[in-house]
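Here is a short briefing to keep beside the viewer. It walks through one contact between two chains, then the symmetry behind it, and ends with a helix elsewhere.

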4 protein chains.
Amino acid sequence: VRTSPAPVVCTVASPDRPGIVAAVTAAIAASGGNILELHQHTDRDVGAFTARIEVDAGVDLEALQGFFDDLQVSMGLTCTIYEGGSRPRVVVLCSSVLHCLSDLLARIDLGELSCDIVAVLSDRTDAAALASRAGVPFFHVPVGEDRASQEAAVAALLEELAPDLVVLARYMRILPEHIVEAYEGRMINVHHSFLPAFIGANPYRRAHERGVKMIGATAHYVTAELDAGPIIEQDVTRVTHADRVPDLIRLGADLERAVLVRAVGLHVEHRVFVVANRTCIFR
Amino acid sequence: VRTSPAPVVCTVASPDRPGIVAAVTAAIAASGGNILELHQHTDRDVGAFTARIEVDAGVDLEALQGFFDDLQVSMGLTCTIYEGGSRPRVVVLCSSVLHCLSDLLARIDLGELSCDIVAVLSDRTDAAALASRAGVPFFHVPVGEDRASQEAAVAALLEELAPDLVVLARYMRILPEHIVEAYEGRMINVHHSFLPAFIGANPYRRAHERGVKMIGATAHYVTAELDAGPIIEQDVTRVTHADRVPDLIRLGADLERAVLVRAVGLHVEHRVFVVANRTCIFR
Amino acid sequence: VRTSPAPVVCTVASPDRPGIVAAVTAAIAASGGNILELHQHTDRDVGAFTARIEVDAGVDLEALQGFFDDLQVSMGLTCTIYEGGSRPRVVVLCSSVLHCLSDLLARIDLGELSCDIVAVLSDRTDAAALASRAGVPFFHVPVGEDRASQEAAVAALLEELAPDLVVLARYMRILPEHIVEAYEGRMINVHHSFLPAFIGANPYRRAHERGVKMIGATAHYVTAELDAGPIIEQDVTRVTHADRVPDLIRLGADLERAVLVRAVGLHVEHRVFVVANRTCIFR
Amino acid sequence: VRTSPAPVVCTVASPDRPGIVAAVTAAIAASGGNILELHQHTDRDVGAFTARIEVDAGVDLEALQGFFDDLQVSMGLTCTIYEGGSRPRVVVLCSSVLHCLSDLLARIDLGELSCDIVAVLSDRTDAAALASRAGVPFFHVPVGEDRASQEAAVAALLEELAPDLVVLARYMRILPEHIVEAYEGRMINVHHSFLPAFIGANPYRRAHERGVKMIGATAHYVTAELDAGPIIEQDVTRVTHADRVPDLIRLGADLERAVLVRAVGLHVEHRVFVVANRTCIFR
């Protein structure tokens, strides 16, 4: 018997049907597990069931996996057990704007994020010093004669690094579909606007021209359509008539780093579920 | 068989022990119920289990009640079924500051709150016109020669009106312990500060003197100790050096009405559980 | 000599040039006025100067007006004196969603807004009871055979009522250009989204489909282009995956009433200046 | 003639009297200065006048200083000119909790704060690596046999370093009065609560026990009385019943770094004025 030395996280995803919670929680109880926190949501628009369950230390992990395998067969449930202590491997892509990368590195250094950045990739060299100071390998993948060869180099590096998660921390290039698809649900981008306002380039300049009274930032999973993937986190801050474009860029930088860090934290703690291009998030 | 024509809410409160979720959800499944939303929390500091479960229309209510009676005996669970459509009877106490009462009445009129105000009690007459326009009985309980006789009159009226919930909407008097105890967990007060800052009188004047940059309001269940009961909802707003005491009163009024209305809404939807003088709130 | 018995508000608008503040404040000082609060802003993008100055009671109003007339001639400044105590006349247009109208009426009743609603116009009859209870004349302007004749009726009523400010409190129809132009800078609309996201119809349904994590509301001056006028106030609130369209409508209603009431309050206190389709707001 | 190559900031502090704005702005105009932004506030409770004026490049600095010297004599005004480009020298004191120091260093590195950290002092050694990586001298001032000798060492180091600003970035010791007084209005502390709630030790534990629904952080100038100095910035975030003390510490860390960084930024841009133990802040 292998009992868990620390609390574990179980996730459940399934088309909705009666009895799922009863079946899953019975399996946990029969494995000697005590539930610490259970979040469950049924998306009634599309009939999708999702749950996240924290089970206290002491649960019999092998028994639980056995029950979950049975539930896969009998009820079609996808149940996953995440033991504590594993740290997802993250690759960060960035360009020359570095506050998001800087914040991710600082928070990992402070122990605030449970993941490791295994490499920084960039089309520019600005991030090299920051990565080096943090002891993280830096890969410069410049854009030379053609865009396709740079993209192929990025794809090859990612394949080699085999990250659990890719983070676009103000990477100013649009990735090709084949890379995006390879990391579906595992690639997070931060966009410097309150989506769906100001999709695309120069959102702060456009926000200033429109005279908005709040600006925002959005962290989302990347999909083939630009800035249209499932939103994980958003935040806004007030601005006034006295704030010009450089002020918006400065104020927005704080939103960008905050939503990106929160989104990465939610992802690595298995709190995010994607249902019909929306996210279900259990905090 | 009496099946529910609308979704029902089930609440569960119990000392923590393994298997509660499994037992309750098995009971719901065996009664033909489909869970729409389940919130569960175990307070590890005191070992208290709480859950709120929304079950879709079609559940067999008699069977479910039978199962819940059995769980009371076998596991010591307190499970309660709330059928949709019932509207709690609310009595509001106020003095001469009327924005909270005004907002409660307006929102019930607009259908935003699922309860009825059956009476307004006040030590002043200012609220009479507002109550009358809304078609709500108004009772003037003035303070005459002694405080005790006024309190006895309030207690007698409350006993006669037998409300499900008492709301202190800027009622400027401290109620005697015997009234407070009679409505434990069913009497909500709004205090015009971010508790525990500025307990007691004149919070806005004291906030101005201290030079705070945000002011707040707090809705809480009333207990014998002043402004010390379980907090249901709080909110704050930014203020500046330019805001003097009348500005704080004006800005704070919006917080007070907002937190009070939200707290009443949460209470009447059975979303608030009290554990160790704290609230557990399932939104 | 007619000295002001209460503080007065002076506004200044002008193309930018050196010496404006010196000239205006010298005029105030020479009129025996003491400045309580001065806000000034120069929009460097378009070179527009705006200022709002509160002058304490005791200023010689005739002398000040004389100085301001001189500054109009010598420097091209548009200076306006607003004496305290005047209450702008407001006409509200609404349809069948009434929380914004309800809130405006309640706040005027409570003394929180310094204006009077002199009439409610609607293409529906739902608001009649609310207006009647508040003692405000209600005009039903139904849409019959053709849209143009309804619009002509609205225009005629507005001309007769001659309001200082027109408020579109969830009026679900688009007004014709001739009405919009007649009330340029004096007609405020509330849109139930965080503009420029979700311009036009059904913003909450579209927000739900997009899976946003915050919804918003926007109060703006009406211009010929739909939802594109100068923004006065915006606010947002967090939503979760558990919030369906009716929840967004309910949560958004609180934003709508809040931003509309704040925008009306800012307008009637002469705190809003329009510069290049943006607003400059002195709080 | 020495004209300013960049915009300059002028501050004015004085007991209130009529004509100050007129006199100061006339001086600016006579020096060839064009006002870009003017903020002015009169604290009517204590009769204190404060103003901050941004003047465009091209103003004759010697002429302006001459006019300001005259105004000191004739009207008792304290007018100060801050030329652009100077970077205040900052000393940071910290203990073993490092997120605030980490954030200050990162933001200076990113160019987001216009000051330099010239030294880090600590009673612990935890910050040494962080300081070293940023190229900032680190001084370990441990507490040995008696508290007084450690305080004397800190005082001596500060005297030698002669900083413009001292920042207590979660420095867990109370400084003696002689140090506090030497840096009156130039020493900023961050307290991990929404002051005046939870003054003193263990604010997060006490917040959890009280069951608050929001936690906060406060940056303030240090005075002799503990946590009672003029507040510069505060912020709050929502928490729920599910957040235990370690969660509050984690969530609060983000508030602490944010309010401290904003307070330092406001201070070094000459935007903060202290009046009667409150701050007047021109953003």
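In this predicted model, 16 residues of chain A are in contact with 16 residues of chain D. The area buried between the two chains is about 1300 Å², and carbon and sulfur atoms give 42% of it. Three residues, A:Leu110, A:Arg133 and A:Arg257, supply 34% of the area that chain A buries against chain D, more than any other three residues.

**Polar and charged pairs between chains A and D**

- If you like to count charges, you will find 6 salt bridges between chain A and chain D.
- One of the salt bridges joins A:Glu112 to D:Arg257, with the closest N and O atoms 2.5 Å apart.
- Polar contacts across this interface come to 6 residue pairs, with both residues of each pair at pLDDT 80 or more.

**What chain A brings to the interface**

- Which elements of chain A give two or more residues to the side that touches chain D? They are α3 (99-109), α4 (128-133) and α8 (245-268).
- Of these, α3(A) gives the most, with 6 residues.
- By residue class, the side of chain A that touches chain D divides into 8 charged, 6 nonpolar and 2 polar residues.

**How the two copies are related**

- A turn of 180° with a shift of 0.0 Å along the axis lays chain A on chain D, and the RMSD is 0.0 Å.
- The two copies are thus related as by a two-fold rotation axis.
- Which residue of chain A comes closest to the rotation axis? That is A:Arg133, whose C-alpha is 3.4 Å from the axis; A:Arg133 is also one of the three residues that together supply 34% of the area chain A buries against chain D.
- The copies meet through the same surface, because 100% of the interface residues of chain A are also interface residues in chain D.

**A helix to look at in chain C**

- Helix α1 of chain C (residues 20-30) is largely enclosed by the rest of the structure, since 8 of its 11 residues are buried.
- Along α1(C), the buried residues include the run C:Ile20, C:Val21, C:Ala22, C:Ala23, C:Val24 and C:Thr25.
- C:Ala27 and C:Ile28 are buried in α1(C) too.
- After α1(C) comes C:Gly32, which has a positive phi, near 80°.

Definitions and conventions:
Residues numbered from 1 in each chain as written. Chains lettered and ligands numbered in written order. Predicted model: local features only at pLDDT ≥ 70, side-chain atom pairs only at ≥ 80, totals over all residues. Heavy atoms only, no water. Contact = heavy atoms within 4.5 Å. Buried area = accessible area lost by both parts, 1.4 Å probe. Salt bridge = Lys/Arg side-chain N within 4 Å of Asp/Glu carboxyl O. Polar contact = N/O pair within 3.5 Å; in protein donor to acceptor, adjacent residues only side chain to side chain. Helix = DSSP H or I, 4+ residues; strand = E, 2+ residues; numbered from the N terminus. Nonpolar A, V, L, I, M, F, W, Y, C, P; charged D, E, K, R; others polar. Least-squares fit on C-alpha atoms with pLDDT ≥ 70 in both. Buried < 20%, exposed > 50% of the residue type's maximum accessible area, 1.4 Å probe, protein only.
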